[in-house]
Amino acid sequence: MRLAIGRRLPLATVTSSQTGTEDTVNAVVRDGISLAACTTLRLGGPAARFVQGERPRDIVDVVRAADAAGEPLLVLGAGSNLVIGDDGFDGTVLRVANSGRGCDRLGDGLVQLTVEAGENWDQTVAWTVAEGLGGLECLSGIPGLVGATPVQNVGAYGVEIADLLVSVDLLDRSSGQVRTVQADALGLEYRNSVLKGTDSAVVLRARFELRDGGASAPIRYAELARLLGVGVGDRVPAAEARQAVLDLRTAKGMVLDAADHDTWSAGSFFTNPVIEDTELPAVLLRAQSVLRPEETMPSWPGGIDRTKLSAGWLIERAGFPRGYAGPGGKVGLSSRHTLALTNQGGASTADLLELAREVCAGVRAVFGVELHPEPVFVNCVL
Ligand SMILES: Cc1cc2nc3c(=O)[nH]c(=O)nc-3n(C[C@H](O)[C@H](O)[C@H](O)COP(=O)(O)OP(=O)(O)OC[C@H]3O[C@@H](n4cnc5c(N)ncnc54)[C@H](O)[C@@H]3O)c2cc1C
């Protein structure tokens, strides 16, 4: 196999899946690259082999070849939801880098947006807002690439990908075939899908249904509605909603800024725990000891006979305030958001995991509630 661009190293086991013969693949291949440079936590050891796939057919060929050879493969977007062990990854890391987007007008004000998986998510949202398309604006400022958004059903400020996703084209790794899968077959639920942590498929592109006319989707999140000066359920110009979301996220350290260690994170490190309603009285009883006067423990309906709790509140009341420093002071909770575990510079993944274990144990001891991590762990465990 010959490779077309970049500093190229032979990918000896790969032959074209389409022709079965040697072929030219438009992929950049490097050995020994540090994965810390590829994650927003700036953590993770080296990759044995790093391949960047800039065309769908290259992505498909690299994945099929790795799978046929039984070689470990890590599909990488922008590394904003990944915790990678200090030993790195002893296999091929495939950075998804295909690009392009387009719109089809469906009539009745509906527009179908099709975006390649390697496109930057926030730039895509900004583009839709500039084009007068409403729907994605509340998902502004979320790091990462488009292909990863269905993986954990990305969500924020009352909107999630499941609300807008129509379908994805993906490479099904069990069959080796590319197929279109409708959104309702992806098992999209709170920060989860059939794709998350399963290595079952690689998303190549995604389609979303948006509205033209420049208005946002109805604002569902009370804090956002307050900032915009509207009622919950109202619409505003999508550009205003985007700016308000970016302001809220920036105040919480949830917009990437290389100079700001509070954003050297994987976003929320834990999901909001969902417990059975039968467990709630015991948790409320334990919470009595940490409640402030006039305060009630935050909770929301979490599905049939279930209640969702606030992981951030539980962490703080278990004795971990904003800015809490972890072992050696190189990791800590964000000074603006207790849910974000951050690399304050020079940390290792082992440091981060030690802090995460301490937080989990503290919440368990005070409330009897288990926290579950939101990011995907690679070659490390909590
Ligand atoms: C500061 C900050 C704020 C954040 N805020 C939010 C938020 O508000 N809401 C939210 O939901 N998330 C949030 N996140 C988490 C993260 O940004 C999202 O989960 C994002 O979609 C991850 O995209 P990525 O390209 O970085 O994926 P990566 O971290 O590279 O990968 C994540 C997982 O998806 C898999 N994957 C990546 N691309 C593909 C593909 N094309 N096909 C199949 N699998 C793939 C990977 O193998 C891995 O398992 C935040 C993160 C940070 C750092």
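Strands β12 (residues 165-172) and β13 (residues 177-182) run antiparallel and are joined by six bridges; helices (H or I, at least four residues) and strands (E, at least two) are DSSP runs, numbered from the N terminus, and two strands pair if DSSP finds at least two bridges between them. The structure is a predicted model, in which local features need pLDDT of at least 70 and side-chain atom pairs count only at pLDDT 80 or more, while totals for chains, interfaces and linings use all residues. Residues are numbered from 1 along each chain as its sequence is written, and side-chain values use heavy atoms, with hydrogens and water left out.

Within the pairing of β12 with β13, Asp 169 stands opposite Thr 180. The two strands form a hairpin with four residues between them, and Gly 176 in the turn has a positive phi of about 75°. Seven of the eight residues of β12 are buried, that is, under 20% relative accessible area (exposed is over 50%, partly exposed in between; 1.4 Å probe, protein chains only). Strand β12 also pairs with β14 (residues 201-211) in the antiparallel sense, over seven bridges; here Asp 172 has Ala 201 as its bridge partner.

These strands belong to an open sheet of five strands with antiparallel pairing, in the order β8-β9-β14-β12-β13. Strands β8 (101-107) and β13 each have a single partner strand and stand at the edges, so one side of each is left without a neighbour in the sheet. The twist averages 20° from one strand to the next. Six bridges join β8 to the antiparallel strand β9 (residues 110-116), with Gly 107 opposite Leu 110. Helix α1 (residues 56-69) packs on the sheet and touches β9, β12, β13 and β14; its direction makes about 145° with that of β14. Axes are lines fitted to C-alpha atoms, for helices over the stretch in contact, and angles run from 0 to 180 degrees between N-to-C directions.

Arg 205 lies in strand β14 and counts as buried because its relative accessibility is 18%. Its side chain makes polar contacts with the side chains of Glu 116, at 2.6 Å, and Asp 169, at 2.9 Å. A polar contact is a pair of N or O atoms within 3.5 Å; within protein, one must be able to donate a hydrogen and the other to accept it, and residues adjacent in sequence count only if both atoms are side-chain atoms. Leaving aside residues up to four places away in sequence, Arg 205 touches residues including Pro 56, Thr 114 and Val 168, where contact means heavy atoms within 4.5 Å.
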